[in-house]
Amino acid sequence: MSEKESLLSKKNLKLIKDPVNENNPVIVQILGICSALAVTVKMKPAFVMAISLTVVLAASNVVYSLVRNYIPPRIRIIVQLTIIATMVILVDEILKAYVYDVSKQLSVFVGLIITNCILMGRLEAFAMGNKPWPSLLDALGNGAGYSLILIVVSFIRELFGSGTVWGYPVMEKLGVYHTGYVNNGFVALPPFALILVGIIIWVQRSRVRKLIEKQ
Amino acid sequence: MQNLFDIFVKSIFIENMVFAYFLGMCSYLAISRSVKTASGLGIAVIFVMAMTVPIDYLLEKYLMKPGSLTWLSPGLADVDLSFLSFMVFIAVIASMTQLVEMVVEKFSPSLYNSLGIFLPLIAVNCAILGGSLFMQEREYNTLAEATVFGVGSGIGWYLAIVSIAAIREKLRYSNIPAPLRGLGISFIITGLMAIAFMSFMGIKI
């Protein structure tokens, strides 16, 4: 046996750090956009969605990485979908049992975690060729990157759309309504989420120049 | 008849998969560089949706709803298999995609070649699973309603991807700030298109 790599070596840490910034699953790899936009009107459902996705991603990445050597390549998509679907059913049942109202708000989007491209993308691109521990780190990193975008978008949309943060009426406590300020209803509507993500991409690419697309 | 027409128009314009629910966004953004490929993928999506939604409807009605197994034996009235629906739906979609791929390959090799890798990608297009899940959530009453909903949603998605592809083809000649090029501007344009589609929301049918 060659010498063992330490559990949190530099290479492994990079697996966590990269997807949060330079290789963010949502705004750089264009994965998992559907749910990132649809559940971000309020912070609470967005947070639950982010946690659920990270859990499903971590679990299926590890499981798939464990069985990766026994699966014929030809049927791997069905196997991947089965693993993901199993994890999603578990998460869905848990949400229904403990946070029923949030699970109602998320409606079909928990089920849609199955087709969230982050999952298939990471299973195909990473877990298929790596050991369980790095796969777990990769899943956590990508989950964190996804969560970051969800939380930023939902924070802005909730603050300016309904004047609250996590259900707490910030704008009302600040007393800005007396000055004639009104909540911007447009921010809470779906199209604004798209424009907001567009702007986040703009900011991100201005900072990391190498991501700019060629004409 | 009136009812079916309502569902059809509603699923294309008012409840458009892309602009109202953001479903199928990933392939919508990734494969909208040229109108030709976009329209090929769009047609494949219509095809798959028109088949999976009715099939899932039948499976839901005669297999998974609480009390739906009574046609087998009255003793099974308490059995509720609805927690299996995700797994069943995704399996139907994956196998349908495989089937469509084989049929297209056999009967129209030229279309098969032009679609290339996009056909298998349909399996993970969330608009398709979304169609089945919305069908389940909205509890359509007849097979005809479910079918019309499937076809309509597919056409709505087709409309969306073809129109963004057309706009992106034109965009190539405009002067966009470098960091906004490509992905960023596509997002903002989709947002503007979604605003335009919201004008259908006032229509009550």
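Both Arg122(A) and Asp138(A) are buried in this predicted model. The two residues form a salt bridge in which the closest N and O atoms are 3.1 Å apart. The pair links distant parts of the chain, with Arg122(A) in helix α6 of chain A and Asp138(A) in helix α7 (residues 132-162), a separation of 16 residues.

Over all chains, the structure holds three salt bridges. Another of them joins Lys96(A) to Asp92(A), with 3.4 Å between the closest N and O atoms. Both of these residues belong to helix α4 of chain A and stand four residues apart, about one turn of the helix. In an α-helix there are 3.6 residues a turn, so residues three or four places apart point the same way. Side chains of opposite charge can pair when their charged atoms come close. The two partners differ in burial class: Lys96(A) has a relative accessible area of 40% and is partly exposed, whereas Asp92(A), at 9% relative accessibility, counts as buried.

In chain B, the side chains of Glu15(B) and Arg138(B) meet in a salt bridge with an N to O distance of 3.3 Å. This pair also links distant parts of the chain, 123 residues apart: Glu15(B) sits in the loop between α1 (2-14) and α2 (17-21) of chain B, and Arg138(B) in helix α8 (residues 126-138) of chain B. Glu15(B) is partly exposed, its relative accessible area being 22%. Arg138(B) is likewise partly exposed, at 26%.

Between chain A and chain B the count of salt bridges is zero. The rule for polar contacts likewise finds zero residue pairs across this interface, with both residues required to be at pLDDT 80 or more. On the side of chain A that touches chain B, at least two residues each are supplied by α2 (33-38), α4 (76-98), α6 (117-125) and α10 (190-207) of chain A. Of the elements of chain A, α10(A) gives the most to this side, with eleven residues. By residue class, the side of chain A that touches chain B divides into 28 nonpolar, nine polar and six charged residues. In total, 43 residues of chain A are in contact with 41 residues of chain B. The two chains bury about 3,700 Å² between them, and 81% of this area is on carbon and sulfur atoms.

Helix α10(A) was examined further. This helix has 18 residues and reaches 27 Å from its first C-alpha to its last, close to the 26 Å expected at 1.5 Å a residue. Its buried residues include Pro191(A), Phe192(A), Leu194(A), Ile195(A), Val197(A), Ile200(A), Ile201(A), Gln204(A) and Arg205(A). The buried residues of α10(A) pack against elements of both chains, namely α2, α7 and α9 (185-188) of chain A and α3 (25-30) and α10 (183-198) of chain B.

Gln204(A) lies in this helix, α10 of chain A. With a relative accessibility of 7%, Gln204(A) counts as buried. Apart from neighbours within four places in sequence, Gln204(A) is in contact with Asn21(A), Glu22(A), Ile27(A), Val28(A) and Leu211(A). Gln204(A) and Asn21(A) are 183 residues apart in sequence, and their C-alpha atoms are 8.5 Å apart in space.

A further buried polar residue of chain A is Ser65(A), which has 0% relative accessibility. Ser65(A) is placed in helix α3 (residues 43-67) of chain A. Its side chain reaches the backbone oxygen of Asn130(A) at 2.8 Å. Leaving aside neighbours within four places in sequence, the residues in contact with Ser65(A) are Ala127(A), Asn130(A), Lys131(A), Pro132(A) and Ser135(A).

The secondary structure of chain B comes to ten helices and zero strands. The C-alpha trace of chain B spans about 70 × 45 × 30 Å along its principal axes. Of its 205 residues, 50% count as buried. Among contacts in chain B between residues at least 6 apart in sequence, 77% join residues at least 24 apart.

Notes: Residues numbered from 1 in each chain as written. Chains lettered and ligands numbered in written order. Heavy atoms only, no water. Contact = heavy atoms within 4.5 Å. Buried area = accessible area lost by both parts, 1.4 Å probe. Salt bridge = Lys/Arg side-chain N within 4 Å of Asp/Glu carboxyl O. Polar contact = N/O pair within 3.5 Å; in protein donor to acceptor, adjacent residues only side chain to side chain. Nonpolar A, V, L, I, M, F, W, Y, C, P; charged D, E, K, R; others polar. Buried < 20%, exposed > 50% of the residue type's maximum accessible area, 1.4 Å probe, protein only. Expected span 1.5 Å × (residues − 1).
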